[in-house]
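Open the model in your viewer and keep the selection box handy. We'll go from stop to stop, and at each one you'll hear what to pick and what is there.

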Amino acid sequence: MARIEKQFAGRTLSIESGKLARQADGSCVVQFGETVVLCTAGAQDNPTHLPFFPLTIEYRERTYAAGKIPGGYIKREGRPSDKEILSARLIDRPLRPLFPDGFQNETQIFVYVISADQENDADVVALTGASLALNMSRIPFSDPVAAVRIGRIQGQWVLNPTFQQLDYSDLDIVVAGTESALLMVEGGALEVPEEEIAEGLQVAHEGIRELIGIQKEMLAQIDVPEEMAWTAKEIDADFRDKITGTATERVREALNIGDKAERSLALSTVRTEITAQYAEAYPDSGKDVSSVIKDVEKREMREQVLSKGRRSDGRGLDDVRPISIDLGLLPRAHGSAVFTRGQTQSLGVATLGTPADEQRLESIDYATSQTKSFMLHYNFPPFSTGEVKPVRGTSRREIGHGALAERALEPLLPPYDEFPYTIRLVSDILESNGSSSMATVCSGSLAMMDAGVPLRASCAGVAMGLIKEDDRIAVLTDILGMEDALGDMDFKVAGTREGVTSIQMDIKIEGLTLEIIREALEKAHRARMHILDEMDKAISEPRAELSEYAPRIITIKINPSKIGEVIGPKGKTIRGIQEATGANINVEDDGTITISSPGEGGERARKMIAAITEEPEVGRVYEGVVKSTTSFGAFVEIIPGTEGLVHISELQDGRTENTEDVVKKGDVTHVKLLSIDEKGRLRLSRKAALAEMASAD
């Protein structure tokens, strides 16, 4: 067993190995505060036949970690939640580039969150633990990696802020890296300028170096086994040279076809024809031919960018593809927009719902259940890339892209008490050739403005790329799918004219310097301003009126003691109001009542509730119903359930001998509320009401 304990970001960080999960290739338990994760790493002994490195990351939260039992009928954890999937992606993206080229053995990182203190998020702790599990194992892995979350509260940078501190932070960004460079950035901000984002990344990197130092101290205590035996598949050099010589010129021509479908067809034709050409001499070489041609594509694309500054679709390095926008495409949707940039197209649709439509979330991170009133769902169907594939539920990529776009737009929503709607955005990707998540940000912003959602500002996003060969560097603006696949970086930045609201960076090389990141941020800012200009031409501010098909929501506040009267015995009163008006009514324990209806029923329901809950107002004239008469006067109901006495002397001018000479039971008459005594009894006057009404005439 080995154990180390240090202070980090003002809390105790401890790491232990050799006690749990000892049959894994590498395992450790990491505790930060009272949040505890078990991280394991394992690899198969033999390589797979797959054409990619089969790495899987499983991140699972155990509800017992927070002393909870899962909800629903099946009282055990089921499919991973969105939070678990997003955390798994956070771990995957910085680790994947650091495995050696050619390593094809199936590898799995498994993380269990086994204690949650509801203060410290386990995701960044898990990445540090996953790195240590890999480095203490026989699995080939180059360098220790660590991650921190960076926040800023009242101008002060905070490493690994607690959930409570994040409520006061103007940014929430997870940063991962090695000792020398950054590998991944993921998070959101409240319109923070790019230069301040870069400053935060620098602070985060200092924390990363500290965590890597702790890992190295831990590794010094462990007897790390020798690296497992593995061999990268090598293609015969003579065969590679022949294929490269045959393919280079044809690949070069195909790469410069601007249309994605035509370019893909041309490259496919090259592969097919060259495979057939060498089939007799090399009968089992089909996969090798494809592999060599792929290498030629990568080399030629990158060299053209670096030496000529020209991309496959003819653009310069900083050019944004042509943009077109269509609003209000769907007549019955509350808001819709089609955003097209080059060959990437997103259909964004906004739907406005009521508080009853809020999503209820189960989480080990909070003591009570949480609700969510803004949702963005991203869909990536096979036809968007001209493919035919089976669809088996929402993919991890779709969840990740949706979360990125949702994070970009959420800070711009109006306060809930001013606009009490549940908002669901759906982005259906209809075409894709790079940066569909950033197209989703644009279409989502436009769709909400088309729906009349009072956003603080328009929001746009752009994806940046990188080609790096030794000292030659080219930062690309608005990358194509091919530039993402064959390049070194996918850096997405979304925001408004004032600053960044969402950011995500993934790389395929061993880290980036802050200087390159600053350049990418600067170019992304310029591109975003251009895109926002184009969006403003289509719609520069939210529509003044909501769609006629959207519900109208009215919020009123009543005395909590009156809630029972609104609901009535066994819900009879509230059901009656809903049936009579067609409105939906939601009553909160604090007396907040939300009324929603697509037509005028909401206002009718409001009046009916107001009549039930109205408090008597001294000096006001009411129209009431005589409930009973006595020898000394009449009792009149001025609001439902509230009666007062009109003394016989207050029925009319002059003397009244008999109450029923003036009013009878069931009569409707006007009365004025003169006073309410200390026991809550109301004194009414018909005489004063008639006199006031006469003077008004």
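Before the first stop, a bit of vocabulary: Ala, Val, Leu, Ile, Met, Phe, Trp, Tyr, Cys and Pro count as nonpolar, Asp, Glu, Lys and Arg as charged, and the others, Gly among them, as polar. This is a predicted model, where local features need pLDDT of at least 70 and side-chain atom pairs count only at pLDDT 80 or more, while totals for chains, interfaces and linings use all residues. Residues are numbered from 1 along each chain as its sequence is written, and side-chain values use heavy atoms, with hydrogens and water left out.

**Stop 1: the cavities**

A cavity is a set of points on a 1 Å grid over the protein atoms alone where a 1.4 Å probe fits but cannot get out, and its lining residues have an atom within 4 Å of a point. Grid points are joined across faces, edges and corners, and a volume is the space filled by probe spheres set on the points. How many cavities of 30 Å³ or more are there? The count is two.

Select Phe8, Leu13, Phe32, Val124, Val125, Thr128, Ala147, Asn160 and Leu211, and you have the lining of the largest cavity. Its volume is about 60 Å³. The lining splits into seven nonpolar residues, two polar and no charged. Helix α2 (residues 122-135) gives the largest share, three residues; helices here are DSSP runs of H or I, at least four residues, and strands are runs of E, at least two, numbered from the N terminus.

Now pick Arg11, Phe32, Asn120, Asp121, Val124, Val125, Arg149, Asn160 and Pro161 for the second largest cavity. That one holds about 50 Å³, and its lining has four nonpolar, two polar and three charged residues.

**Stop 2: the rings**

Rings of Phe, Tyr and Trp (its six-membered ring) pair if their centres lie within 6.5 Å; planes under 30 degrees apart count as stacked, over 60 as edge-to-face and the rest as tilted. There are 10 aromatic pairs by this rule. Try Tyr378 and Phe380: their ring centres are 6.3 Å apart and their planes at 10°, so the pair is stacked. Tyr378 is buried at 2% relative accessible area, while Phe380 is partly exposed at 22% (buried is under 20%, exposed over 50%, partly exposed in between, using a 1.4 Å probe and protein chains only).

Keep Phe380 and add Arg397, which lies over the face of that ring, 4.2 Å from its centre. A charge sits over a ring if NZ of Lys or CZ of Arg is within 6 Å of the ring centre and within 35 degrees of the ring normal. Arg152 does likewise with Trp157, at 5.2 Å. For a cluster linked by ring pairs, select Phe53, Phe99, Phe103, Phe141 and Trp230.

**Stop 3: helix α8**

Select residues 396-409, the 14 residues of helix α8. Are they mostly covered or mostly uncovered? Mostly covered: 11 of the 14 are buried, including Glu398, His401 and Glu406.

**Stop 4: two positive phi values**

Most residues other than glycine have a negative phi. Gln154 has a positive one, near 50°. Look for Gln154 in the loop between β7 (146-153) and β8 (156-159), where it is exposed at 79%. Glu191 also has a positive phi, about 55°, but Glu191 lies in strand β10 (residues 182-192) and is buried at 14%.

Notes
On a 1 Å grid over the protein atoms alone, a cavity is a set of points where a 1.4 Å probe fits but cannot get out, and a pocket is an open set with protein on both sides within 12 Å along at least five of seven lines; lining residues have an atom within 4 Å of a point. The expected span of a helix is 1.5 Å times one less than its number of residues.
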